[in-house]
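Please look over the notes below alongside the sequence and the structure. They are set out as separate points for a reader who has not seen this structure before.

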Amino acid sequence: MEANESGFKVTQEQGAWVIRMWWPTGPITGGPQRITVEAADGSATRDVARGISTTVLRRLDLAAAMKLAEKAPELQQGMEEVTAKVEEAGSAAGLLLTNEGVSEPYLAMLASTYKTMADLGAQAPVPWLARLIGRRPETVKDHLKRARREGYLTTVAGKAGGELTEKTTQALAAFVNSEDSRN
């Protein structure tokens with residue numbers, strides 16, 4: 001494995017071919033974003049002339065490559081930093097809920113934190129978010145449904161997450177500006 005500031009590259013050899021898989025720096029939430037397949041140095045011309053076969057592609061071990069990339073110390077530090085920021089955002093949403101109820105800033109913060117969790121590949125973002133907010137998962141699900149209904153978060157059929165809307169961006173900016181003016 002090779003790592004630099006832009007990402008991680010894992011290399012595998014399959015017969016006459018070298019396969020390089022690349023992930024950007026940050027949490028690994030799925031397969032690589034780029035795969036290149038090239039003839040290995042010293043490969044027999046007859047093997048290369050036939051081209052890349054489906055057998056070569058089937059033998060590609062994505063699971064092993066992902067496990068290797070996940071162990072990179074640079075990635076671990078990045079994950080800890082991202083997780084701490086998500087935990088902070090979830091706790092902030094919980095404070096908003098306690099202080100203001102199901103308000104516009106709360107729904108915007110809830111939607112934003114939930115989207116970030118889903119984008120990170122969290123297996124169960126709702127229970128994680130519920131723990132941070134201090135409410136039951138069923139309550140958080142209801143609040144997320146309301147956030148979608150009121151236009152803070154789009155729906156992605158069959159998947160966790162969604163996209164933040166302009167309404168969310170504006171609500172978060174207004175909240176941040178009001179906090180800055182109080183300090």
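1. The lining of the largest pocket is mixed in character: five of its residues are nonpolar, three are polar and two are charged. The model is a predicted one, and the pocket described here holds about 180 Å³ of space. Its lining consists of Val82, Lys85, Val86, Glu88, Ala89, Ala92, Met109, Ser112, Thr113 and Thr116. Two elements each give two or more residues to this lining, helix H4 (73-100) and helix H5 (104-119). H4 gives the most, with six residues.

2. Glutamate 88, one of the lining residues, belongs to helix H4. Is glutamate 88 buried or exposed? Its relative accessibility is 60%, so glutamate 88 counts as exposed. In sequence, glutamate 88 is 44 residues away from leucine 132, but the C-alpha atoms of the two are 8.5 Å apart in space. Leucine 132 itself is among the buried residues of H6.

3. As for the chain as a whole, it has 183 residues, and 33% of them are buried. The protein chain contains eight helices and four strands. Read from the N terminus, the order of these elements is β-β-β-β-α-α-α-α-α-α-α-α. Taking the contacts with a separation of 6 or more, 46% are between residues 24 or more positions apart.

4. On the strand side, threonine 11 can serve as an example; this residue is in strand S2 (residues 7-14). With a relative accessibility of 38%, threonine 11 counts as partly exposed, because that value falls between the limits for buried and exposed. Apart from residues up to four places away in sequence, threonine 11 touches Val18, Ile19 and Arg20. Methionine 21 is ten residues from threonine 11 in sequence, and the C-alpha to C-alpha distance between them is 6.3 Å.

5. Helix H6 (residues 125-133) is largely enclosed by the rest of the structure, because seven of its nine residues are buried. The buried residues in H6 are Pro125, Val126, Trp128, Leu129, Ala130, Leu132 and Ile133. After H6 comes glycine 134, which has a positive phi, near 85 degrees.

6. How do H6 and H7 lie with respect to each other, and at roughly what angle do their axes cross? The axes come within 8 Å and cross at roughly 100 degrees, so H6 and H7 are roughly perpendicular to each other. From H6, the contact involves Val126, Pro127, Leu129, Ala130 and Ile133, and from H7 it involves Pro137, Val140, Lys141 and Leu144. By class, this contact of H6 with H7 has eight nonpolar residues, no polar ones and one charged.

7. Helix H7 (residues 137-149) also meets H5, with axes that come within 10 Å and cross at roughly 105 degrees. H5 and H7 are therefore roughly perpendicular to each other. The residues that H5 brings to the contact are Tyr106, Leu107, Leu110 and Tyr114, and those from H7 are Val140, His143, Leu144, Arg146, Ala147 and Arg148. Divided by class, the contact of H5 with H7 has seven nonpolar residues, one polar and two charged. Val140 and Leu144 of H7 take part here, and Val140 and Leu144 also take part in the contact of H7 with H6.

8. Histidine 143 deserves its own point. This residue lies in helix H7, and it counts as buried because its relative accessibility is 11%. With neighbours within four places in sequence left aside, histidine 143 is in contact with Leu97, Val102, Tyr106, Leu107 and Leu110. Of these partners, Tyr106, Leu107 and Leu110 also appear in the contact of H5 with H7.

9. A last residue to check is glutamate 104, in helix H5. Its relative accessible area is 44%, so glutamate 104 is partly exposed. Which residues does glutamate 104 touch, not counting those up to four places away in sequence? They are Tyr152 and Ala171. Lysine 167 is 63 residues from glutamate 104 in sequence, and the two are 9.5 Å apart in space, C-alpha to C-alpha.

Key
Residues numbered from 1 in each chain as written. Predicted model: local features only at pLDDT ≥ 70, side-chain atom pairs only at ≥ 80, totals over all residues. Heavy atoms only, no water. 1 Å grid on protein atoms, 1.4 Å probe; cavity = no way out; pocket = protein on both sides within 12 Å on 5 of 7 lines; lining within 4 Å. Points joined across faces, edges and corners; volume = space filled by probe spheres on them. Nonpolar A, V, L, I, M, F, W, Y, C, P; charged D, E, K, R; others polar. Axes fitted to C-alpha atoms, helices over the stretch in contact; angles between N-to-C directions. Parallel < 35°, antiparallel > 145°, perpendicular 65-115°, else oblique. Contact = heavy atoms within 4.5 Å. Buried < 20%, exposed > 50% of the residue type's maximum accessible area, 1.4 Å probe, protein only.
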